[in-house]
Amino acid sequence: MLARFHQPSGLALVANGQVYVVDNASNRVVVVHADSLKKLTEIPLGVTSPNRIAQLTSNRLIVTRRGSAAAAIIDVATNMVVDSLACG
């Protein structure tokens, strides 16, 4: 199935060929295969208004929240939120 989004607001491409797309309206990150554009999985974030995503390390991504100093850390090997940060 091709990936569908409600309100995409950021993306990150990682070395394994997967694209991580922040879907603001559904409070999740959608993992998409870069070549086929097929949805591989969804990662619920447990926070509202996720906004941007960036690669921290080769196996960690950070997702920030709009209007907040909170962030979620995603492990790309397991596609799970493994930590959260409160910045500021």
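**An all-strand model, starting from one hairpin**

Hi everyone, let me begin with one pair of residues: aspartate 75 has methionine 80, in strand S8, as its bridge partner. Before I go on, please keep in mind that this is a predicted model.

So where does that pair sit? Strand S7 covers residues 70–75 and strand S8 covers residues 80–86, and 6 bridges join the two, running antiparallel. Together S7 and S8 make a hairpin, with 4 residues between them.

Let's look at the turn. Asparagine 79 lies in the loop between S7 and S8. Its phi is near 55°, which is a positive value in a residue other than glycine. Is asparagine 79 buried or exposed? The relative accessible area of asparagine 79 is 18%, and buried means under 20%, so this residue counts as buried.

There is another residue with this kind of backbone angle. Leucine 37, which is not a glycine, also has a positive phi, near 65°. You'll find leucine 37 in the loop between strand S3 (28–33) and strand S4 (39–44).

Now let's step out from the hairpin to its sheet. What is the order of the strands there? The sheet is open, has 4 strands, and reads S5-S6-S7-S8, with antiparallel pairing. At the edges are strand S5 (50–57) and S8, each of which pairs on one side only. From one strand to the next, the twist averages 25°.

A general reminder for anyone new to sheets: strands pair through backbone hydrogen bonds, and the pairing can be parallel or antiparallel.

On the S5 side, 6 bridges connect S5 with strand S6 (residues 60–65), in the antiparallel sense. One pair to look for there is glutamine 55 with its bridge partner in S6, leucine 61.

Let me zoom out to the whole protein. How many helices and strands are there? There are 0 helices and 8 strands. Reading from the N terminus, the elements go β-β-β-β-β-β-β-β.

As for dimensions, the C-alpha atoms fill a box of roughly 40 × 30 × 15 Å along the principal axes. The radius of gyration is 12 Å, and for 88 residues a compact globule would come near 12 Å, so the two agree.

A few totals for the chain. Of the 88 residues, 36% count as buried. The protein exposes about 5,100 Å², and 54% of that comes from carbon and sulfur atoms. Taking contacts between residues at least 6 apart in sequence, 28% join residues at least 24 apart.

That brings me to the inside. Which residues of the largest nonpolar core touch the most other members? This core has 14 residues, and the answer is Tyr20, Val29, Ile53, Leu61, Val63 and Ile74. Strand S2 (18–23), S3, S6 and S7 each supply at least two residues of the core. There is also a second, separate core of 5 residues, including Ala3, Val19, Val21 and Val30.

I'd like to finish on tyrosine 20. Leaving aside neighbours within four places in sequence, its contacts include Gly10, Leu11, Val29, Ile43 and Val76. Two more contacts of tyrosine 20 are residues we have already met: Leu61 and Asn79. Leu61 is the bridge partner of glutamine 55, and Asn79 is the residue in the hairpin turn with the positive phi.

Thanks for listening, and I'm happy to go back to any part of the picture.

Note on methods:
Residues numbered from 1 in each chain as written. Predicted model: local features only at pLDDT ≥ 70, side-chain atom pairs only at ≥ 80, totals over all residues. Heavy atoms only, no water. Pairing = 2+ DSSP bridges. Axes fitted to C-alpha atoms, helices over the stretch in contact; angles between N-to-C directions. Buried < 20%, exposed > 50% of the residue type's maximum accessible area, 1.4 Å probe, protein only. Rg over C-alpha atoms; globule rule 2.2 N^0.38 Å. Contact = heavy atoms within 4.5 Å. Areas by Shrake-Rupley, 256 points an atom, 1.4 Å probe, with all protein chains shown as cover. Core = buried A, V, L, I, M, F, W, Y, C linked by side-chain atoms within 4.5 Å.
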